[in-house]
Amino acid sequence: MDATDLQRKLTSIDGHGYKSYRQIAGSCNFPKFTLFIDYVQGDPFAAPSRMRARVAQSDAGFEGRLYENAVRRTALEDYLARAFAHAIGKFVKGKRGTGKSGFIGIDSGGQEILERTAAVVCEEYVEVRFAAGLPAEGRRCLSREAEAMLIGEVPELVEASLFKAVLDEKKLKAHIEAAEDQEALREQLSAAGLVAFVADGSILPRESGIKDKPLAGSNVVSFLSPPGLNREFNLPNRGRVKGMGIPEGVTLIVGGGYHGKSTLLFALERGVYNHIPGDGRELAICRGDGVKIRAEDGRRIEKVDIDPFISNLPFGADTRSFRTENASGSTSQAANIVEALEAGSRLLLIDEDTSATNFMIRDEMMQKLIVKEKEPITPFVDQVRNLHHEHGVSTVLVMGGSGDYFEVADTVIAMEEYVPRVVTAQARRIAASRKDVRIGESGGRFGPLLRRVPLARSLSPRRGSKEKVAAKGLKSILFGRQTIDLASVEQLVDRSQTRALGDLVWYGLRRGYFDDETGMAEVIDRLLADVTEAGLDIISPYGEEDARKGRPGAHPGNYALPRRYEIAAMLNRMRSLEVNM
Ligand code: ADP
Ligand code: MG
């Protein structure tokens, strides 16, 4: 159909029951683009209808250089989704009746530039996927309003965002180049012997505990690297940058309360992702395998070998294959570490603020009062070096409350009024002059990392006679009959990542990737290999159904790619998970 046909169809259903909107499903040719009406909502209060607008690349005019590799393509797609979102703010009237009538929205993301399905750029076309609430009065079609949206507003949105000629070329270029520089820097870290880099001039603090925008005002201290850790990198677009390099090994961040320790660590946690220009953390970069580790009491643990940290529990609980429905602070933190290593991480990020004290330290006085035989916990301080020797695991640790880590740290950074200073030598001297020495409790060995195999039967998405998987906000997933609590998975940053997590695992089940032989890490490898090859769209349960019915793939258009560590975190937090070891 074309716009005239669409208009005619709309007119013919005016005032009819809402389900009559089903008749407009399909594709509609406008002079400059094609509108695909993939899914029509059944009710004005239900999830809005799903549409795509596609412009031929010959008209859109984005030259190949702008999307010649994965990082550039992701950044360009990200930019287009944001441009479309911006146009929505400008051109869309909003409410046009009951329920979601008149709403138009696109999943354009926050401060990160993530691979997402909201926009697609390829040689043939550029496309955005958006949601639109078809207008109703009560539960009757409001055709004139629908016409104003689909034939009035949507073309305006497309014309304001999907043609290179109408976009701010400088901003577009800066967006793509910023992402490329971040990726390039991250790729150079390992060769430089670093786990992270924070460029001078970075703005690390955020507006508030719930807002991810940079803190503004005259009291913001921009980052300045300390003598001793100055490093320089050459980036493809920005050229030479200077800043602080955090070396591999064990790094301690110390300093007085409220002096910016946690803010620095938080920047590293988020530095596994690329950020948009203006975020302040564009060049605060962490190795991609950095995983935030914290205590998480109450979580479930399924057969995890926490023995390096915890053994000889009361009633002889098996700590080589530890399971509990209700973990303590220390057992949960131990499991979080072992699971992160299992998923492939070799970089742990830990903050005293969110750690179990008895997991982190046990000082010499306590060692005298409670002898080792009576204490199941081998504190992290006694394993952090073994982890580095045996498994190449680096740790960045915020610890302002205890000096016990001076002896095991390779690098000690003190934060003083938000400015870092290297104090490794002083810390060593103080540790050496200590009279009453702690006794190491690890026996000098961390031990092997065991492989676990998740069992398919334990991951059922069944709910009654149907299968159901749905993200509930950022930190919760409904999976079949259970709700998975991800509240403590701190590097899950975007609701669309959460949506993708549930559907990724569901996809893996449909594909038979959980075959009761493949280990946790290898299953995740398979999932991500498919995404790399076929795009994130592939995980959508709708795509497959539509392919079967011979329709052009309807798709949610609101996935963002999670990391492998968050996929593992989700699986490990399923209350039903069973594994073989
Ligand atoms: P710590 O972990 O050392 O106790 P935080 O990192 O939590 O301290 O920071 C304390 C406060 O200082 C927070 O409100 C944070 O937003 C603010 N802050 C952190 N870094 C800076 C900075 N560079 N400039 C201004 N304020 C900052
Ligand atoms: Mg803190």
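**Aromatic pairs and nonpolar cores**

Trainee: How many aromatic pairs does the structure hold?
Mentor: This is a predicted model. Ring pairs count if their centres lie within 6.5 Å. The structure's total of aromatic pairs is nine.

Trainee: Is the pair of Phe-197 and Phe-233 stacked or edge-to-face?
Mentor: The ring centres are 5.0 Å apart. Planes over 60 degrees apart count as edge-to-face. Here the planes stand at 85°, so the pair is edge-to-face.

Trainee: Which strands does that pair tie together?
Mentor: The two residues are 36 apart in sequence. Phe-197 is buried at 0% relative accessibility, and Phe-233 is buried at 6%. Phe-197 lies in strand E10 and Phe-233 in strand E13, so the pair ties together E10 and E13.

Trainee: Are Phe-359 and Phe-380 stacked or edge-to-face?
Mentor: Their centres are 6.0 Å apart. Planes under 30 degrees apart count as stacked. With 25° between the planes, this pair is stacked.

Trainee: Which residues form one aromatic cluster with Phe-359 and Phe-380?
Mentor: Phe-359 is in helix H8, and Phe-380 is in the loop between helix H9 and helix H10. Both are buried, at 0% relative accessibility. The other members of their cluster are Phe-309 and Phe-446.

Trainee: Between which domains does the largest nonpolar core lie?
Mentor: This core has 79 residues, and Phe-309 and Phe-380 are among those with the most contacts inside it. Helix H12 gives the largest share, seven residues. Both domains give residues to the core, so it lies between domain 2 (246–450) and domain 3 (453–580).

Notes. Residues are numbered from 1 along each chain as its sequence is written. Chains are lettered from A and ligands numbered from 1 in the order in which they are written. This is a predicted model: local features need pLDDT of at least 70, side-chain atom pairs count only at pLDDT 80 or more; totals for chains, interfaces and linings use all residues. Side-chain values use heavy atoms; hydrogens and water are left out. A nonpolar core is a set of buried Ala, Val, Leu, Ile, Met, Phe, Trp, Tyr and Cys residues joined through side-chain atoms within 4.5 Å. Buried means under 20% relative accessible area, exposed over 50%, partly exposed in between (1.4 Å probe, protein chains only). Helices (H or I, at least four residues) and strands (E, at least two) are DSSP runs, numbered from the N terminus. Domain bounds come from an automatic or database domain assignment.
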